[in-house]
Amino acid sequence: MSIDNTTSILLQENREPVAISGKKSLEFEKKRLMKAAKEMESVFLYQVMQAMRSAIPKADEEDGLGMGGGLGKDIYTQMFDQELARNMAGVSDRSLAGVLYRSLEEVLEKQAGTGPEDETVEKSLFPTPTYLPIKKETPDAAKSVKSSDEITSNSQNDDYREHVKTAAQKYKISAELIEAIIKRESGGNPGAVSEAGAKGLMQLTDTTAADMGVDDVFNPAQNIDGGSKYLRKMIDRFGNLELALGAYNAGPATVDKYGGVPPYPETRNYIKTVLAELSAKLPDK
């Protein structure tokens, strides 16, 4: 698909409105939009790879290896790059395709007459992030990383409870809430890294960590302090724990966009899990 054709599909909001009705029709249009967004990203990635290849000096002995430097090699290289770009496009909700999709998704919903709280359309076009336990190669981190079987019933290693207590007092958040988030985010593993790049006990992205003054996301004390500070910021901003948890998971801009808890199954399940864990930790009234 060419850049012009892909752009024309992505920019449907500039055309005359097209009525969309019914769950199946809306799902079809969203899948079509996602496909176009991925095509757009793949075209962009392909152009990036071509620019990178052109910047690599040609070796003197290259013509004598394999297919050499003829037309055949150029064709197969282009085919390889195109296929690679297609497979790289849209692999997460933070990809270029994801950004393009979300920027136009609301247009389709408005055409279909559905509100942001409509749960009939599953937002499962992106893979659910999984977490990869990565051990930091330092004596302290290596000593503190434990398997899931070794995590206590409170989902918190005793070594971290003092950090949790300190952060709870500092930011006026219950220690039980911080522990519930840690359990949901990383399972108590200070070296956890998600496929999206969130790191540490409270799964801070590099941007959030920098904004919260965290220098080492794998340092339990810094990570817990930064995560708690960010959570406090979300609570103050939205004035509601569910909305704050929704912002912690999906980002404050997403909560603002939908005017409430985002309708993403992952985010709603996240809030439900954290609140259930918090409820289990709090003493019976």
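This report describes the overall fold, the nonpolar cores and one pair of residues in a predicted model of a protein.

**Overall architecture**

The protein has 285 residues, and 38% of them count as buried. Its secondary structure consists of 12 helices and two strands. Read from the N terminus, the elements follow the order α-α-α-α-β-α-α-α-β-α-α-α-α-α. If one considers contacts between residues at least 6 apart in sequence, 62% of them join residues at least 24 apart. The protein exposes about 16200 Å² of surface, of which carbon and sulfur atoms supply 53%.

**The nonpolar cores**

The largest nonpolar core contains 35 residues, and the members that touch the most others are Ile-178, Ile-181, Ile-224, Leu-231 and Tyr-248. Several helices take part: H6 (158-171), H7 (175-186), H9 (220-238), H10 and H12 (265-281) each supply at least two residues of this core. The greatest contribution is that of H9, with six residues.

Ile-181 offers a view of how this core is connected. When neighbours within four places in sequence are left aside, Ile-181 is in contact with Met-202, Leu-231, Leu-245, Tyr-248, Tyr-270 and Val-274. A second core, separate from the largest one, has six residues, including Met-34, Ala-37, Tyr-101 and Leu-104.

**Asn-249 and Thr-267**

Two residues from different parts of the sequence may now be examined together. Asn-249 lies in helix H10, which spans residues 241-250, while Thr-267 belongs to helix H12. The table lists the relative accessible area of each.

| Residue | Relative accessible area |
|---|---|
| Asn-249 | 18% |
| Thr-267 | 2% |

Why is Asn-249 described as buried? A residue is counted as buried when its relative accessible area is under 20%. Asn-249 is buried because its relative accessible area is 18%, and Thr-267 is likewise buried because its value is 2%.

How far apart are Thr-267 and Asn-249 in sequence and in space? The two are separated by 18 residues in sequence, and their C-alpha atoms are 6.2 Å apart. Their side chains are joined by a polar contact of 2.8 Å.

Each residue also has further contacts, not counting residues up to four places away in sequence. Asn-249 touches Glu-266 and Tyr-270 as well as Thr-267. Thr-267, for its part, touches Gly-246, Ala-250 and Pro-262 in addition to Asn-249.

Conventions
Residues are numbered from 1 along each chain as its sequence is written. This is a predicted model: local features need pLDDT of at least 70, side-chain atom pairs count only at pLDDT 80 or more; totals for chains, interfaces and linings use all residues. Side-chain values use heavy atoms; hydrogens and water are left out. Helices (H or I, at least four residues) and strands (E, at least two) are DSSP runs, numbered from the N terminus. Buried means under 20% relative accessible area, exposed over 50%, partly exposed in between (1.4 Å probe, protein chains only). Contact means heavy atoms within 4.5 Å. Accessible areas come from the Shrake-Rupley method with a 1.4 Å probe; for residues, only the protein chains shown count as cover. A nonpolar core is a set of buried Ala, Val, Leu, Ile, Met, Phe, Trp, Tyr and Cys residues joined through side-chain atoms within 4.5 Å. A polar contact is a pair of N or O atoms within 3.5 Å; within protein, one must be able to donate a hydrogen and the other to accept it, and residues adjacent in sequence count only if both atoms are side-chain atoms.
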